[in-house]
Amino acid sequence: MTEQEKDKQKILDEVAEYFDKYLVKKKDFKPGDRINYASRVFDHEEGVNLVDSALEFWLTAGRYTDEFEKSLAKYLGVRYCSFVNSGSSANLLAFMTLTSPLLKERQIKPGDEVITVACGFPTTVTPMIQYGAVPVFIDVTIPQYNMDVTKLESALSDKTKAVMAAHTLGNPFNIKTVKEFCDKHGLWLIEDNCDALGSTYEINGEKRFTGTWGDIGTSSFYPPHHMTTGEGGAVYTDDPLLFKISRSIRDWGRDCRCASGQDNLCGHRFDGQYGELPFGYDHKYVYSHFGYNLKATDLQAAVGCAQIKKFPSFVERRKHNFARLKNALEPVSDKLILPEPCENSDPSWFGFLMTCADGIDRKKVVKYVEDKGVQTRMLFAGNIIKHPCFDQMRQSGKGYRVAGSLENTDRIMNDTFWVGVYPGMTDEMIDYMAETITEAVNQ
């Protein structure tokens, strides 16, 4: 080892010792202790990778990014994966990929329609609205909390180009029916997989991860999610053209495939003809799309490389926690509608959703549970078109449309809440949550 390598190893050994001594310690749970709906689960490996990357001081995407993209693609069983700076950016990138002129007659253009749901997180819908596409909202089902596939045909028009929806809190939507609908009508399918990494779905005996059945899938690695890189997300696909387009849009819209710090990968940097540019214009500064800089940093990817090694155990613990909590709450299933997995699925649960039965006041239940130290969450927007961001469109009646009623969506907005099942939870914590929720609905 060189002197530099020795010094670096000394630092990394001390980082591992610091993490083990101060950051990874677990304290015994006592009833009344705060139980967050989510938290990071890590050990010294994440810290060592993070500092290792920092000592290289490359900062932008580099070797850890390359390793993380390959590791995630291998886990999911897909050909292509692009690391980005958030799950919201992943949704933006996935949608904007489908607006590329390279897709010819299948290109999504302003005014085209995309079928989705109003019950979910806003950044599934935001890219459509910002681009000028028209979201078409259909209702969801209870207790699966995913799109009601019986409403798909009624939402279809001659302007429909895609379906884009999330797998709610880890529970897959009915991929078989949605995929058949998209194939029948020549529509794109974008799977917002930000809350469902590790969930699987089976069609005709073939089991695959959610996010890999459609044309393009997305993930989020924000701290509460199934695994974390701090901020971060990913877009993945098996389609080489969609991958080419998404990489271009992620990296400023450029035509060049060179990585940061790399020149002339193609060997034709100064001898091409592009658009109406002069012949031989520097290919590193040729832009084939209107793009962004959505790349994440190598420091984030370094954390992801450690997290993904642990990820299968995270999924199993989430399933364990969900099953234990559901079993404990069965005695009050007359007062709470408990969640049910989609048929043919094996969810990697992000949370445990409950809808209050008639006569049970969600506000009182949530207040009681929160006062006892159990953190709760709503199902994100509840009904996104009721929010202030929709005020102008709602008043004008333009920019979106609703196919049928949103009866269940509104019920979820009024009566539904959820608690966490993250892998750092112990059986004692799960049991305390169950006892607290039971007390709340029986008060």
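**Close-up 1. Helices H3 and H9 cross in a left-handed way.** This is a predicted model, and here we zoom in on two of its helices. H3 covers residues 63-76, while H9 runs over residues 298-329. Their axes come within 7 Å and cross at roughly 25°. Angles under 35 degrees count as roughly parallel, so H3 is roughly parallel to H9.

**Close-up 2. Here's who touches whom between H3 and H9.** On the H3 side, look for Arg63, Tyr64, Thr65, Glu67, Phe68, Ser71, Leu72 and Tyr75. They meet a set of H9 residues that includes Asp298, Ala301, Ala302, Gly304 and Cys305. Further names to spot on H9 are Ile308, Phe311, Pro312 and Val315. Sorted by class, this contact has 11 nonpolar, three polar and three charged residues.

**Close-up 3. H9 also packs against helix H13.** H13 is made of residues 427-442, and its axis lies 9 Å from that of H9. The angle between the two helices is about 35°, and the crossing is right-handed. From H9 come Arg317, His320, Asn321, Arg324, Leu325, Ala328 and Leu329. Across from them, H13 brings in Asp427, Ile430, Asp431, Met433, Ala434, Ile437 and Thr438. The class count for this contact is seven nonpolar, three polar and four charged residues.

**Close-up 4. Now for some empty space: the largest cavity.** The structure holds three cavities of 30 Å³ or more, and the largest has about 70 Å³ of space in it. It is lined by 13 residues, and those closest to its centre are Ser39, Val41, His225, His226 and Met227. The lining breaks down into six nonpolar, five polar and two charged residues.

**Close-up 5. A cis peptide bond leads into proline 143.** Follow the backbone from isoleucine 142 to proline 143, and you'll find that the peptide bond joining them is cis, with omega near 20°. Where does proline 143 sit? You'll find proline 143 in the loop between strand S3 (134-138) and helix H6 (152-155).

**Close-up 6. Lysine 104 has a positive phi.** Its value is near 55°, and this residue is not a glycine. To track down lysine 104, go to the loop between helix H4 (87-97) and strand S2 (113-117).

Conventions:
Residues numbered from 1 in each chain as written. Predicted model: local features only at pLDDT ≥ 70, side-chain atom pairs only at ≥ 80, totals over all residues. Heavy atoms only, no water. 1 Å grid on protein atoms, 1.4 Å probe; cavity = no way out; pocket = protein on both sides within 12 Å on 5 of 7 lines; lining within 4 Å. Points joined across faces, edges and corners; volume = space filled by probe spheres on them. Nonpolar A, V, L, I, M, F, W, Y, C, P; charged D, E, K, R; others polar. Axes fitted to C-alpha atoms, helices over the stretch in contact; angles between N-to-C directions. Helix = DSSP H or I, 4+ residues; strand = E, 2+ residues; numbered from the N terminus. Parallel < 35°, antiparallel > 145°, perpendicular 65-115°, else oblique. Left-handed = near helix turned anticlockwise from the far one by under 90°. Contact = heavy atoms within 4.5 Å.
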